[in-house]
Amino acid sequence: MNTEKLIAVLHKIAEKIETEKEYLTELDNVIGDGDHGINLARGFKEVEQKLEALAGKEPADVLKSVGMTLVSTVGGASGPLYGTGFMKAGGALKGKSEIGVADFLDAFRQAIDGVKMRGKSEKGEKTMLDAMIPALEAMQAQWEQEQDAAAVFLAGVEAARKGVEYTKTIAATKGRASYLGERSIGHQDPGATSFTMLLEVVAKAL
């Protein structure tokens, strides 16, 4: 994936979030602040407006710009979390004009580390990490087994979807949802859901 392809994918992500913003906000109404979809859509709309100016930059610079834009425009927890993830991914790709699968996996790992650090969270706490971490593990395993990009991304999407289902079975211990305790069981995490949507867009585009 080069910068041109990356920018096209980011446009698709923005479209997907805009389409799904009401659904994501409904999910967040139940266990959060009720603004996840609306905030994320606003952030990616700002991202879209900056993409044209990034056309000649390296992928790392594009991702860092996306991250900074999300941090500055998305309210609640999702802006800092997604923003940090994109910035960390960008840092992992510095100096690369093309992103291969191995590069993507490395950037994805760095993004997860950034989300963990920013959110002071781990897998099993009903957050976006419950989709992100299984997705990375599945993609890494698939890549080691068979170096086929399509198979790698399909494995990641399937694992992320299972991660979203898993969040329905556990109580939240982070963020606003943690106030509900056991009452958060039965509801899927909005952040895990939006991340899975992002990965689905990337998989389809590639």
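The exercises below work through a core, one residue, one helix and one pocket of a predicted model.

In this predicted model, local features need pLDDT of at least 70 and side-chain atom pairs count only at pLDDT 80 or more, while totals for chains, interfaces and linings use all residues. Residues are numbered from 1 along each chain as its sequence is written, and side-chain values use heavy atoms, with hydrogens and water left out.

**Exercise 1. The core**

Find which residues have the most contacts inside the largest nonpolar core, and which helix gives the most to this core.

Solution. Start with the term: a nonpolar core is a set of buried Ala, Val, Leu, Ile, Met, Phe, Trp, Tyr and Cys residues joined through side-chain atoms within 4.5 Å. Buried means under 20% relative accessible area, with a 1.4 Å probe and protein chains only. The largest such core holds 58 residues, and Ile13, Phe44, Phe86, Phe108 and Phe195 have the most contacts inside it. Helix 1 (3-31) is among the helices that supply at least two residues of this core. With nine residues, helix 1 gives the most. Helices here are DSSP runs (H or I, at least four residues), numbered from the N terminus.

**Exercise 2. Ile17**

Decide whether Ile17 is buried or exposed, and list its contacts beyond its neighbours within four places in sequence.

Solution. Ile17 is found in helix 1. Its relative accessibility is 0%, so Ile17 counts as buried. Contact means heavy atoms within 4.5 Å. Leaving aside neighbours within four places, Ile17 touches Leu24, Gly37, Leu40, Ala41, Phe44 and Leu198.

**Exercise 3. Helix 8**

Compare the reach of helix 8 with its expected span, and state how many of its residues are buried.

Solution. The expected span is 1.5 Å times one less than the number of residues. Helix 8 has 16 residues, for which 22 Å is expected; from first C-alpha to last it reaches 23 Å, close to that value. Twelve of the 16 residues are buried, including Phe195 and Leu198. Outside its neighbours within four places, Phe195 is in contact with Tyr82, Phe108, Ala131, Met132, Ala135 and Ala160.

**Exercise 4. The second largest pocket**

Work out which helix supplies the largest share of the lining of the second largest pocket.

Solution. A pocket is an open set of points on a 1 Å grid where a 1.4 Å probe fits, with protein on both sides within 12 Å along at least five of seven lines; lining residues have an atom within 4 Å of a point. Helix 5 (101-119) and helix 7 (149-167) each supply at least two lining residues. Helix 7 supplies the largest share, four residues.

Definitions and conventions: Buried means under 20% relative accessible area, exposed over 50%, partly exposed in between (1.4 Å probe, protein chains only).
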